[in-house]
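Colleague: I have a new model open and would like to practise reading it with you. Could we go through it feature by feature?

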Amino acid sequence: MWVMGLKLSRQQRQQLLDWADGAGDYECCGLLLGHNDVVERVELAINVAENPQLNFEIDPSALIAAEKYARQGGVKILGYFHSHPNGDTRPSVTDVRMASADGRRWLIIAGDKIVSWRPVGTAGGQAVSFELEGFV
């Protein structure tokens, strides 16, 4: 299934929903990896945020490993995902503030919905707005 610029399989969609459900009151997070806007792999990462019930931060070692692998010809980071245990599909103020307008997609998993968005525009290196792209 195509999701506003990304092709995500039904199996990958279900995996994201399962990870979010399994995380309970904590935010799960991870990477969307692939080529040419086709997600080949979804990869769960450790949420190293100070308060993972309210925020997420993808383990920097997972990001570094994925970037290194891509430079060596492997799959690229197409985007990121995280869950919102509170059920809100909109990017939080923190999500928007922490995102960079690098063209990568962001998926938010809330309940049985997955929403795609991307940050647009920056000020001082910070995303200042976002564009909701659609539901998965």
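Modeller: Gladly; we will start with the overall fold and then turn to strands, cysteines, rings and a histidine. Keep in mind that this is a predicted model.

Colleague: Let's begin with the fold. How many helices and strands does the chain have?

Modeller: A good habit is to list the elements before looking at details. Here the chain has three helices and eight strands. Read from the N terminus, their order is β-β-α-β-β-α-β-α-β-β-β.

Colleague: And what share of the residues counts as buried?

Modeller: Of the 136 residues, 44% count as buried. The accessible surface of the chain is about 7,400 Å², and carbon and sulfur atoms make up 50% of that. You can also look at how far apart in sequence the contacting residues are: among contacts with a separation of 6 or more, 55% are between residues 24 or more positions apart.

Colleague: Now a single strand. Why is S3 described as largely enclosed by the rest of the structure?

Modeller: For a strand, check burial residue by residue, then look for its partners. S3 covers residues 29-35, and six of its seven residues are buried, so the rest of the structure largely encloses this strand.

Colleague: Which strands does S3 pair with, and in what sense?

Modeller: S3 pairs with S4 (residues 38-45) in the antiparallel sense, over seven bridges. S3 also runs antiparallel to S5 (residues 76-83), with six bridges joining them. To find your place on screen, take Gly30, whose bridge partner in S4 is Leu44. On the S5 side, Gly34 has Lys76 as its bridge partner.

Colleague: What lies between S3 and S4?

Modeller: The two strands form a hairpin, with two residues between them. When you reach a turn, backbone angles deserve a look. Asn36, in the loop between S3 and S4, has a positive phi near 50° although it is a residue other than glycine. Asp37 is in the loop between S3 and S4 as well, and its phi is also positive, about 65°, again without being a glycine.

Colleague: Are these loop residues buried or exposed?

Modeller: Asn36 counts as exposed, at 72% relative accessibility. Asp37 is partly exposed, with a relative accessible area of 40%.

Colleague: Next, the cysteines. How many disulfides are there?

Modeller: The test is a distance between sulfur atoms, with a cut-off of 2.5 Å. By that rule the count is zero. Cys28 is a helpful case: the closest cysteine sulfur belongs to Cys29 and is 6.9 Å away, too far for a bond. Cys29 is likewise in no disulfide, its nearest cysteine sulfur being that of Cys28. As for burial, Cys28 counts as buried at 6% relative accessibility, and Cys29 does so at 0%.

Colleague: Let's move to the aromatic rings. How many pairs does a search find?

Modeller: For rings, compare the distance between centres first and the angle between planes second. The search of the whole structure finds four aromatic pairs. In one of them, the ring centres of Trp19 and Phe81 are 5.8 Å apart and the planes are at 10°, so that pair is stacked. The pair links distant parts of the chain, as Trp19 is in helix H1 (residues 10-23) and Phe81 is in strand S5, 62 residues apart. Phe81 counts as buried, at 0% relative accessibility.

Modeller: Phe56 and Trp106 give another geometry: their centres are 6.1 Å apart and their planes at 65°, so the pair is edge-to-face. This pair too links distant parts of the chain, with Phe56 in the loop between S4 and helix H2 (60-71), Trp106 in strand S6 (residues 105-110), and their positions 50 residues apart. Phe56 is buried at 17% relative accessibility, and Trp106 is buried at 8%. Ring pairs also join Phe56, Tyr80, Trp106 and Trp117 into a cluster.

Colleague: One last residue. What does the side chain of His82 make polar contacts with?

Modeller: For a buried polar residue, look for partners around its side chain. His82 is in strand S5 and is buried, with a relative accessible area of 0%. Its side chain makes polar contacts with the side chain of His84 at 3.0 Å and with that of Asp95 at 3.1 Å. Beyond its neighbours within four places in sequence, His82 is in contact with residues including Cys28, Cys29 and Phe56, which takes us back to residues we have already visited.

Conventions
Residues are numbered from 1 along each chain as its sequence is written. This is a predicted model: local features need pLDDT of at least 70, side-chain atom pairs count only at pLDDT 80 or more; totals for chains, interfaces and linings use all residues. Side-chain values use heavy atoms; hydrogens and water are left out. Buried means under 20% relative accessible area, exposed over 50%, partly exposed in between (1.4 Å probe, protein chains only). Helices (H or I, at least four residues) and strands (E, at least two) are DSSP runs, numbered from the N terminus. Two strands pair if DSSP finds at least two bridges between them. Rings of Phe, Tyr and Trp (its six-membered ring) pair if their centres lie within 6.5 Å; planes under 30 degrees apart count as stacked, over 60 as edge-to-face and the rest as tilted. Contact means heavy atoms within 4.5 Å. Accessible areas come from the Shrake-Rupley method with a 1.4 Å probe; for residues, only the protein chains shown count as cover. A polar contact is a pair of N or O atoms within 3.5 Å; within protein, one must be able to donate a hydrogen and the other to accept it, and residues adjacent in sequence count only if both atoms are side-chain atoms.
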